[in-house]
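Here are a few exercises to help you find your way around a new structure. Take your time, and try each task before reading its solution.

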Amino acid sequence: MGLRARRAGGRWQVLGRERFGRYGAASTLLPGAIWVHAVSLGETRASTPLVQALLARGHPVLLTHLTASGRAEGARAFASEIAQGRLQQAWLPYDFPGATRRFLQHFKPVLGVLVEREVWPNLVHSARRQRVPLVLASARMSAASLRRTMRLHALLGPAYAGLARTYAQTLKDARRLEQAGATSVIVSGNFKFDLQQDAEQIRRGAAFGHALGRRTVIIASTREGEDELFIRQIRQQLDRLRDQGLECDRPVLFILVPRHPQRFESASRLLQAHGLRFVRRTGLQALGEGCSSMLAACRDVDVILGDTLGEMAWYYASSQVAIVGGSFAALGGQNFIEASALGCPVLVGPHTAHFEQAVADALLAGAIARAADPAQAVRQALLWLDEPAELNHMGQAARHWVGQHSGAVQRVLDGIEDLLQNTRTPYAVPAQPGDLGQQGSV
């Protein structure tokens, strides 16, 4: 954790008191809070619609994290609720028996929601002893994760069995989670389909793209090792277009958005090293959103470096095609559903284990396409820019596909309310093997 914190930057407080379950008498408490654990940036974004729904129903929320980027995103997304005293943030302690016990004794949540895959043996054990029902929501488990879990089944099996309910993203996830030991497994879908993106960001992004009048490709959520691969392809494809005299009327603009803020500077250095003209998104913001100076700063650049957090809706709304990273190296892929929800045709790479079923369904629906490597992805994106009818068709298919798979938050919310109404017996009767209680699927 310490090494990761040094590499990532931000305020991790890896040796802080909260990391060991010591919060102090002065720590603010929210009586009757529902606790939601979103370990990092991706889980925090995924949990946003659930947290919003809980707050809308009048439930106070304790939101915990393990990474600095996750905590920063939670602070940004729920700034007004924090100021109003309706939501509180804290570090989840390390998975030591005493630390997890002290955490639960201090905050006294009435129920806990673990997002996607954060199952820790001591945490689950402490919650059971203190009769705090735990729900694993929008849960996913790949075949590789199941193999690792089974190797440690003596330790992890009881943890999965100790969950009150498990809401899986897909039927495959549900079956693997049952093999891991989870009971009361329900296929509810993926929270990411329910994410309500910032309407003002969408409006401003679309207005910017229209006013700029350039064909725009976003390369979003790039992970370690992918930045240089894509920057090299941008350089090569722009040189090819200029050599062929195809960059005269509406030159192509690329938007590069690294997944993690600690790589903004390295991406900047790579752009410089490859001789690409670029401007930072933070620099555009300093000029004034939507002003003529901001547009002028983008007229002759090759790349906008997306060095801000919480603005994916603006980036996608500004673009005609999206290439979503994390899938061109063996990293499992990143969330492409945000782009699809805005009707932006998407290209993903070969490594999409984290979104296995969603990718398969989206490919079948004609909402996305797969590229073998960054070179093919950039070439295909440029081809699509010259095919407006194809872009329009894929955009409509993407919106329709996302609309078909919403509702996961409501299913989990209904389950939470049911558990809260049965506080005398908070843990549901375990489902029989093979009974997945399917209510919907991705």
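The exercises below look at the sheet and then at one helix.

This is a predicted model, in which local features need pLDDT of at least 70, side-chain atom pairs count only at pLDDT 80 or more, and totals for chains, interfaces and linings use all residues. Residues are numbered from 1 along each chain as its sequence is written, and side-chain values use heavy atoms, leaving out hydrogens and water.

**Exercise 1.** Find the order of the strands in the open sheet.

*Solution.* Strands here are DSSP runs of E with at least two residues, and helices are runs of H or I with at least four, numbered from the N terminus. Two strands pair if DSSP finds at least two bridges between them. Following the pairs gives 3-2-1-4-5-6-7, with parallel pairing. Strand 3 (87-91) and strand 7 each have a single partner strand, so one side of each lacks a neighbour in the sheet. As one pair within this order, strand 1 (residues 34-37) and strand 2 (residues 61-65) run parallel over 4 bridges, and Ile-34 stands opposite Val-61.

**Exercise 2.** Describe helix 9 (residues 171-180), from its start to what follows it.

*Solution.* Begin at the N-terminal end: Thr-170 caps it, with a side-chain oxygen 3.4 Å from the backbone nitrogen of Lys-172. Next, list the buried residues (under 20% relative accessible area, 1.4 Å probe, protein chains only): Asp-173, Ala-174, Arg-176, Leu-177, Glu-178 and Ala-180. Their packing partners include strand 5 (134-139), helix 7 (143-151) and helix 17 (356-364). Finally, Gly-181 follows the helix, with a positive phi near 125°.

Conventions
Buried < 20%, exposed > 50% of the residue type's maximum accessible area, 1.4 Å probe, protein only. Contact = heavy atoms within 4.5 Å. Polar contact = N/O pair within 3.5 Å; in protein donor to acceptor, adjacent residues only side chain to side chain.
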